[in-house]
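Reader: I am new to this structure. May I put some questions to you as I look at it?

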Amino acid sequence: MELYRPSTALDAANALGNGSVALAGGTELVPLLRDGLVRAERLVHLADAVPRGVDGTRIGAGTTLAELEVDPQIPAALREACRLAASPQLRAMGTIGGNLLQATRCWYWRLDFPCRLHGGDTCHARQGVHREHAIFGNDFCASAHPSDPAAALVALGATLITDRRELPVLDLYRLPTEDDRELTTLEPGELILELDVPAPEASVYLKAMDRQRWSFPIVGVAAARFADGVRLALSGVAPIPWPLDSEEALDAATPLPGTAYKVELAQALVRRALAAV
Amino acid sequence: MARLIKTEKEVEGRYEETWVVVEEDVLDQWPAGPLEVVGRDAERIDGLERARGEALYTADLKLPGMLHAAVLRSPYARAHVKRIDLEPALAAPGVRAVAGPGDVHVLTDSPGYPGQAVAAVAAETFHQAREAVKLIDVEWDVLEPLLDPEEAIARGELVEEPRRYERGDLERGLAEADVVVEAEYRTQTLLHNSMETHQSICRWHGDGKLDVYISTQFIWGVRDSVASQLGLNPDDVRVVCEFMGGGFGSKNGPGDYTYIGAELAKRSGRPVKCALTRREENTATGNRNATIQRLVAGAKADGTLTALGGDYVNAVGWAGFSPMTGGPMQYLYACDNVRVVEHGAKLNTPPNAAFRAPGFVEGTFGLECILDELAAKLGVDPLELRRLNYADDDADGRSYSSKNLAECYRLAEPHWARRDDVHARSEGQWKRGIGLASQVWFGGGGPPSYAWVRIGADGRATVVTAMQDIGTGSRTAMAQIAAEELGLPLDRVDVVLGDSARGPYASISAGSSTIPSMGPAVRSAAADAGRQLLEIAAQRYDKEQRVLSLKGGNVVSQDGGSWPLAGLCELLGDGQILGSGARGPNPTGMRILTFGVQVAEVAVDVETGEVRVERVAAIHDVGRIVNPLGARSQVEGGIVQAIGHTLSEDRLIDPQTGIVLTQTLDAYRMPTIADVPEIVAEFVDEPDKHLTNLGSKGLGEPPIIPTAAAIANAIRDATGADVRSVPVTREEMLRALREARVGAIPA
Amino acid sequence: MLELSINGGAYESRAEVGKTLLEVLRDELGLTGTKLACGEGHCGACTVLLDGAPALSCITLAHTVGTRDVTTIEGLRDHPLVGAFVRADALQCGFCTPGQIVSAVALVEANPSPSRDEIRHRMAGNICRCGAYPRIEEAILAWRG
């Protein structure tokens, strides 16, 4: 394996593809490489290639979660989502760009069961142990998206700026299908550079987890109030961050036997989030 | 004088009658009242070494020429190896030896659980070994696994004969009861997750002797097991463990890794380290087995227990033992009619291993919860119900060597009296409640165990014994005991331990036995050395020996004379005072038990099912406390672990394949610092006057025993919801709340 | 040749790309105070400082360290937190302790007077199976002696 450390985004983007994989904080990629869940011949280290830091509504993709959790310029929902994410060391290492691309914590996927996300023809979680799994969009794959900041950014209506385009953060994600198992719309070699996060009138992120700290969300709820209304988005409830129109929209959930409790939990948190903003 | 006696040996609740050669315990216990070193807070004497990262654990050792092993473990719960080709692994870069099924007894061609060892490789680096393991070509015949414990019982698949205990007549007791409660409780499988994984280094010498450097709780047990398995003389096996990173019961024996390492070391002619990964740790080194407990309790209207019955299923796994889950029911209360049956289901899941009060942690959860359910039905205060049924004598006709549970209850009163305040602090969706639970456990230790004490011209004393300090502070406690006996300040005592070739036989560090087994031997050795010092002092200072004693670093005479011990010791030159001591016998015919009670305060968010433990008060009776600071740490640590057991830890397996799904620490969730409540630890601190020259029992296990039940009882107090299974996840808490709401609707 | 700045000294390593910082520290340089406990970034026993920020050396590739200063427990042996941990009995088996102290150093360097809540927030990435947490909290509160 080789390591290449480009000094510009252009060089980085040009270097990607053909067995070359982008490496930022490494908190996700390094373990996945070791487990053989991701293969790479060359790592493209992004430390000098993508922007880092906060400037008004702009956030560089290389900004760490630890930097964001204490930055007063950041809307409360995102700050809180970063604060409650992972562990202090992981927040100090992990970047916001990388966080948006993190893989599910589904144990079947992590243990390399031949599941649909690995190209197989079954979702082991649906028949197996799935109490941490999805209640929406879970027909094909019941994995749950673990990113707290992603839900906050969706609720905040943030825009993602890549080396090729601008798109709502929501549009970064797609549900996997038989024909395309990808969970993001990122094109091969496309590089996340920045986020633009509009300032809401109020925002909040509430998270239910198994421990007080250092746990992925069982259910996370982000709510942001803008002049035209309140937007909601959830983490931990679908294979991708899940926008929600209203509390009533939870009635459309399709929980598995072991995830029915998540609907009740989401209802409580959504009510609280709405009350808070 | 040594003598041969028949005595009971107890380790983690299992009694065996054996002949033992023991030495008489001629020392009286220290006189009542405060002592100089024992009973006072002491910093760990090895604390700096550990904190500075200088202490060398097995994980840190690197012997010249050392190879690293990796193990091929069965990916299937039940399978047979039809064909295996080790050649590709042997040909891989860096590989120096391989071994397959049958080459050593722990490598099997018929694995009975996922994770059982099948083959192994030793290579120059761990990475090379692990890559080579992937090249081993196996053709498997995959068989249907048995994963359901109740089905195993139905089929008669048991790891051992069911244990039955009975006194009186349960049916009669139930007939006499005014109130009867029946309920089923469940506890989950838990993983030890010591921070240092199971590992050892094996090195053969040309003369056929074997060195084993190992992270272990029992140096001498490893020596004996390895010697016996490999057909060596016990003293041909030297076992070394100077620092070890946690065991909690899972490191009592050599483990598959040691036999694998020994075989690969033999084949390669090089030392071999076999260090398990975290994932192997969580699949192949033991667990606290899950239980299903069907309990019944009956009482008179006045609260007198008339019947306690327990039908217990221990989901043991492919091997292991069926713990005493019914032990608390058997020992804790005065009740004339008790029946306990324990079944150990044999399953295609990883074998259990002792885990900090095995059986009693699980059984206390069920027993102390049903007692509170009974108290609610009776309208009797839970603390009062426990006092009403206090056992003054052991029901099986033995007297207690000491029992101060009543004093524990008395000390618990101020904590229990916070009830109204706790309830008053409920606000909005946060409901607050308080619950308590009692604890009974063994912890008396026993012979044999030995220690030496060496004093030189520098006036320092060194305790030498081949015990291990698994992190509980044993080194420090032994130094305190020797310092007390020799009248020395603590900083003039050293402790050398951790090497079977450099000290006498020492007890296992399990079953809360280290201090009660080792402490008396160390004191006895120190007393022997002290006596010799006084003999010299009597001659040097021209006094009768009987008027002299050792105090505050001086030789003190009853007539007022005092001479620094350092001065006396200077006379030794290159000479040394050598004292030796042994652990005397346990009192015959007595039941040696530890007791305690814990009071937990919780807050429950009734909308989201979040449970926060806010305060735990723990009062334990374990005889004399040697190091109050270390003892409080033990209590806190036990409670922290118990909070994980109660709220967040759960080893999950896939119901189809039996594969452990929670192998990694993101999925298997132990408490972090953010989950810890306020903990108040108190001790009765009354020496057991029948037990050894020290009067101390062990404290490793008692604090973890009652916590889960105290929390569950507090949850019921807060919300009216019955949580009868742990962990109390959001799912379980919301279910119990829903059930309580339905139950609360008037008919 | 990989160049690393560790505890104020310059080191050279022949490690190939893919080796973790932990492997270089422990296996090549013999700096065994930094512990391997999970190897997957979940427990904090391998915590070191990179330019003062806590990092999990078991999932940090050595070649990505660059010019950042690496501080391990060996470089913090005389830090007042070490004594504070011993005085408070903030360790039992001690295997997680170097990682705890490194994380605590990052915390007190950023805020010399952290509140209990901050300690709990900033120390939650270091698992202690012995459960020394209450005393770790006390040690950090009293770190200046």
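Reader: Which helix of chain B does E49(B) lie in?
Author: This is a predicted model, so every value here is computed from it. E49(B) sits within residues 47-51 of chain B. That stretch is helix α1.

Reader: Is E49(B) buried, exposed or partly exposed?
Author: Count the other C-beta atoms within 10 Å of E49(B): there are 16. A buried residue needs 20 or more, and an exposed one has 12 or fewer. E49(B) falls in between, so it is partly exposed.

Reader: Which residues is E49(B) in contact with, leaving aside its neighbours within four places in sequence?
Author: Contact requires C-beta atoms within 7 Å. With those neighbours left aside, the partners of E49(B) are E54(B) and A55(B).

Reader: What separates the C-alpha atoms of E49(B) and E373(B)?
Author: Along the chain, E49(B) and E373(B) are 324 residues apart. In space, their C-alpha atoms are separated by 49 Å.

Reader: Where is F248(B), and is it buried or exposed?
Author: F248(B) is found in the loop between β12 and α7 of chain B. Its phi is positive, about 60°, although it is not a glycine. It has 29 C-beta neighbours inside 10 Å, and 20 or more are needed, so F248(B) counts as buried.

Reader: What is the phi of R356(B)?
Author: R356(B) lies in the loop between β16 and α10 of chain B. R356(B) is buried, because 28 other C-beta atoms are within 10 Å. It is not a glycine, yet its phi is positive, at about 30°.

Reader: Which residue does a cis peptide bond join to P447(B)?
Author: Omega is about -5° for this bond. The partner is placed in the loop between β18 and β19 of chain B. It is P448(B).

Reader: Is the peptide bond from V726(B) to P727(B) cis or trans?
Author: P727(B) is found in the loop between α18 and α19 of chain B. Omega for the bond from V726(B) is near 5°. The bond is cis.

Reader: Are the axes of α17(B) and α18(B) parallel, perpendicular or oblique?
Author: The axes of α17(B), residues 628-648, and α18(B), residues 707-719, come within 8 Å. They cross at roughly 55°. That angle makes α17(B) oblique to α18(B).

Reader: How many nonpolar, polar and charged residues does the contact of α17(B) with α18(B) have?
Author: From α17(B) come I639(B), A642(B), I643(B), H645(B) and T646(B). From α18(B) come T707(B), A708(B) and I711(B). By class, the contact has five nonpolar, three polar and no charged residues.

Reader: How does the radius of gyration of chain B compare with the globule rule?
Author: Chain B has 19 helices and 29 strands. The globule rule gives 27 Å for its 747 residues. The chain is as compact as a globular protein of that length, because its radius of gyration is close to that, at 27 Å.

Reader: What is the radius of gyration of chain A?
Author: Chain A holds 10 helices and 12 strands. For 277 residues the globule rule gives 19 Å. The chain is as compact as a globular protein of that length, since its value is close to the rule: 18 Å.

Reader: Which element supplies the largest share of the side of chain C that touches chain A?
Author: Here 21 residues of chain C are in contact with 18 residues of chain A. On the chain C side, β4 and α4 each supply at least two residues. The largest share, four residues, comes from β4(C).

Notes
Residues numbered from 1 in each chain as written. Chains lettered and ligands numbered in written order. Predicted model: local features only at pLDDT ≥ 70, side-chain atom pairs only at ≥ 80, totals over all residues. Axes fitted to C-alpha atoms, helices over the stretch in contact; angles between N-to-C directions. Parallel < 35°, antiparallel > 145°, perpendicular 65-115°, else oblique. Contact = placed C-beta atoms within 7 Å. Nonpolar A, V, L, I, M, F, W, Y, C, P; charged D, E, K, R; others polar. Rg over C-alpha atoms; globule rule 2.2 N^0.38 Å.
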